[in-house]
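Here is a friendly walk through one protein model. Have a look at the sequence and the fold first, and then we'll go through a few spots together.

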Amino acid sequence: MRYKIAILLNAAMLISIAAFSQSFKFAFVTDTHIGNPTAPDDLRRTVKDINANKDLKFVVITGDITEFGSDNELKLAKQVLDSLDVKYYIIPGNHDSNWSESGSNTFKRVFGAETFAFDHNGYRFCATSSGPNMRMGPGQIPRENVVWLDSVVKATPQKLPLIFLNHYPQDSALNNWYNIIDRLKTRNIQLILCGHGHANHKLNFEGIPAIMGRSNLRAKDSIGGYNIVTIADGKASFEERTPVIGKNRPWAEVTLADHHFDQMPGNYPRPSYARNNQLTAVKPVWTYQDQSDIGSGMALFTGKVILTDTKGLIYALDRNTGKRAWSYATGGKLYSTPAVKGRYVVAGSSDDHIYCVDANTGKLIWRAATDKAVVASPVIAVNKVLIGSSDGKFRALDLTTGKPVWTFDQVIGFVVTKPLLYQGNVYFGCWNNDFYCLNVNTGALVWKWNNGATSRMLSPAACYPVAAYGRVFIVAPDQYMTAFDASNGKVIWRKKTPKYRVRESIGLSGDSAFVYAKTMDGQVIGVSTRADSMQVDWQAKLQLPYELAPSALIEDNGIVYVPTHSGIVYAVERKSGNTLWSYKVSNSLVNPVTANGKDVFVSTMDGKVVRLSYKK
């Protein structure tokens with residue numbers, strides 16, 4: 001049934017704390033993965049089973065509602081869930097946000113919100129979404145959700161029992177787990193519920209009891225399942241419920257108590273920024289904190305740094321002070337790295353529009369409508385804006401007017417990448433395992449290639465392609481690096497090796513001799529752009545831990561900048577392969593870095609922006 005999520009936080013609506021002696025039951029469902037072949041039937045069986053149990057007062061659903069975050073999957077999930085006879089409270093997980101064609105907007109439109117808070121029988125339940133939104137990496141609770149949680153915590157009485165829900169476990173699998181834990185510990189947090197692991201587990205997060213629930217999918221069984229939770233006499237009891245056969249399996253019990261974390265916070269590990277105190281060659285000039293996520297790179301304009309964020313803003317910071325100079329609000333989240341030429345700033349928004357604003361003032365010059373969200377980044381070729389979208393189209397727009405120059409309408413899947421301009425063509429991948437080459441002037445298809453993967457999640461979609469010596473290079477989550485003949489799409493070589501497990505992060509060296517690639521095992525390599533195979537001719541002496549950030553590598557003034565998913569940016573000397581310095585901006589994914597001589601501009605997914613200045 002349709003339920004508009006609301007936060008009932010004023011004192012008049014609070015149920016007396018003395019009421020927690022009243023027992024109640026609710027259903028705990030997670031990881032439904034609509035889009036999986038059996039998922040709709042598995043969820044329908046669960047809904048029918050819940051409706052038959054009149055003791056259940058409500059349902060909580062903790063993320064990965066869909067397999068791919070697509071509009072159709074989300075609509076089908078809601079159609080099934082609306083058959084519930086009791087209220088349900090729902091949040092997205094990483095599958096709903098990382099590959100979302102809508103830029104994580106459809107979830108809010110379909111279900112009304114991506115967070116919830118409500119009171120029942122003397123307990124407060126609150127939940128936030130989790131990403132990463134539109135970028136591969138560790139989980140992350142969006143910055144705007146953290147800000148929202150602050151308001152909930154502030155309005156929660158000190159002694160009111162609190163139950164927190166999230167898709168992810170609240171541990172290092174989530175790069176800002178400590179931000180959440182520290183906030184929860186200022187109140188009477190008694191239990192955490194999560195999904196993500198697809199199996200029932202009893203956990204503990206820094207002294208807070210926690211339960212991970214099984215996936216609703218049947219997996220290797222013939223029937224899926226969920227959990228029934230009973231709150232009674234200061235305890236939470238968990239039974240795994242199997243629909244159709246009506247089987248209950250008690251498996252866990254948690255004591256609900258005030259742990260007085262506010263008085264005994266404990267000594268738990270937190271991310272270290274000690275490396276920043278030891279630096280002499282590089283220093284921060286200023287730092288800016290956005291109140292939402294930043295899921296894109298940035299652009300430089302005279303005296304300004306131009307960015308986008310998931311609050312829907314295109315905005316400029318003063319290059320010298322880091323103060324906000326201007327902003328323009330769109331109607332959806334932005335994951336589009338802005339492109340700048342002259343006074344024109346162009347970016348796509350997930351509100352189904354492409355925007356052009358004045359680089360000096362932020363005033364709107366034009367906006368162009370699309371049929372679906374735009375989560376890709378533009379490039380500008382002379383007087384044309386080239387950009388993909390989620391509506392199966394790749395467009396060329398006039399830079400000064402926004403009017404269509406040409407439209408290629410045969411893209412299968414949606415585009416998230418920044419396209420490559422090379423030798424009169426434009427190159428880009430999409431989330432359907434396809435890679436396209438179009439003529440810049442006409443939009444005609446020059447060639448198209450498919451990697452043959454059975455899963456869309458292995459698509460060459462997030463990588464920024466690079467080119468040199470008549471060749472185009474890509475990497476993808478299938479761990480292959482591929483070199484094409486730029487003119488006809490013939491595969492010159494295609495290589496996957498356990499020694500160098502590439503994924504989505506590459507870049508071109510300053511002299512076009514190497515394709516830099518960051519591997520999942522933390523190496524940074526330089527692959528020859530001229531060899532007839534994947535020939536590694538350069539390797540940084542840097543060794544990172546397991547690494548997933550898809551952000552592109554760049555070289556500037558003989559320095560290779562390496563972004564990571566742990567908030568650290570490394571500067572590696574091209575000549576020697578030595579690390580010159582590293583700087584930890586936050587504990588979240590680093591977006592593509594922008595360097596201009598001695599100045600380095602870095603943003604992270606949790607909305608941190610820093611200008612670094614270095615001397616060789």
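Let's start with one residue: E73 is buried, with a relative accessible area of 9% (buried means under 20% relative accessible area, exposed over 50%, and partly exposed in between, using a 1.4 Å probe and protein chains only). Before going further, some ground rules: this is a predicted model, where local features need pLDDT of at least 70, side-chain atom pairs count only at pLDDT 80 or more, and totals for chains, interfaces and linings use all residues. Residues are numbered from 1 along each chain as its sequence is written, and side-chain values use heavy atoms, with hydrogens and water left out.

**Charged pairs**

What does the side chain of E73 meet in a salt bridge? The partner is R456, at 3.4 Å from N to O (a salt bridge is a side-chain nitrogen of Lys or Arg within 4 Å of a carboxyl oxygen of Asp or Glu). The pair links distant parts of the chain, 383 residues apart: E73 sits in helix α2 (residues 71–81), while R456 is in the loop between β29 (445–450) and β30 (466–468). Helices (H or I, at least four residues) and strands (E, at least two) are DSSP runs, numbered from the N terminus. Unlike buried E73, R456 is partly exposed, with a relative accessible area of 32%.

A search of the whole structure finds 30 salt bridges. Here are some of them, with the closest N and O distance.

| Pair | N to O distance |
|---|---|
| E73 and R456 | 3.4 Å |
| R319 and D599 | 3.7 Å |
| R471 and D532 | 3.5 Å |

The R319 and D599 pair also links distant parts of the chain, with R319 in the loop between β16 (313–318) and β17 (324–329) and D599 in strand β43 (residues 599–603), 280 residues apart. R319 counts as buried at 17% relative accessibility, and D599 counts as buried at 7%.

For R471 and D532, the separation is 61 residues, from strand β31 (residues 471–475) to the loop between β36 (524–528) and β37 (536–539). Are these two buried or exposed? R471 counts as buried at 11% relative accessibility, whereas D532 is exposed, with a relative accessible area of 63%.

Salt bridges can also link up into a network, as D182, K185, E206 and R270 do here.

**A strand with two neighbours**

Now for strand β10 (residues 226–232). Six of its seven residues are buried, so β10 is largely enclosed by the rest of the structure. Strand β1 (residues 24–29) runs antiparallel to β10, joined by five bridges (two strands pair if DSSP finds at least two bridges between them). In that pairing, A27 has I228 of β10 as its bridge partner.

β10 also pairs with strand β11 (residues 235–242), in the antiparallel sense over seven bridges. There, V229 is matched with F238 of β11. β10 and β11 form a hairpin with two residues between them, and D233 in the turn has a positive phi of about 55 degrees.

**Two helices side by side**

Back to α2, the helix that holds E73. The axes of helix α1 (residues 39–51) and α2 come within 9 Å and cross at roughly 25 degrees. That makes α1 roughly parallel to α2, because angles under 35 degrees count as roughly parallel, over 145 as roughly antiparallel, 65 to 115 as roughly perpendicular and the rest as oblique. Axes are lines fitted to C-alpha atoms, for helices over the stretch in contact, and angles run from 0 to 180 degrees between N-to-C directions. The contact (heavy atoms within 4.5 Å) is made by P40, L43, R44 and V47 of α1 and L76, A77, V80 and L81 of α2.
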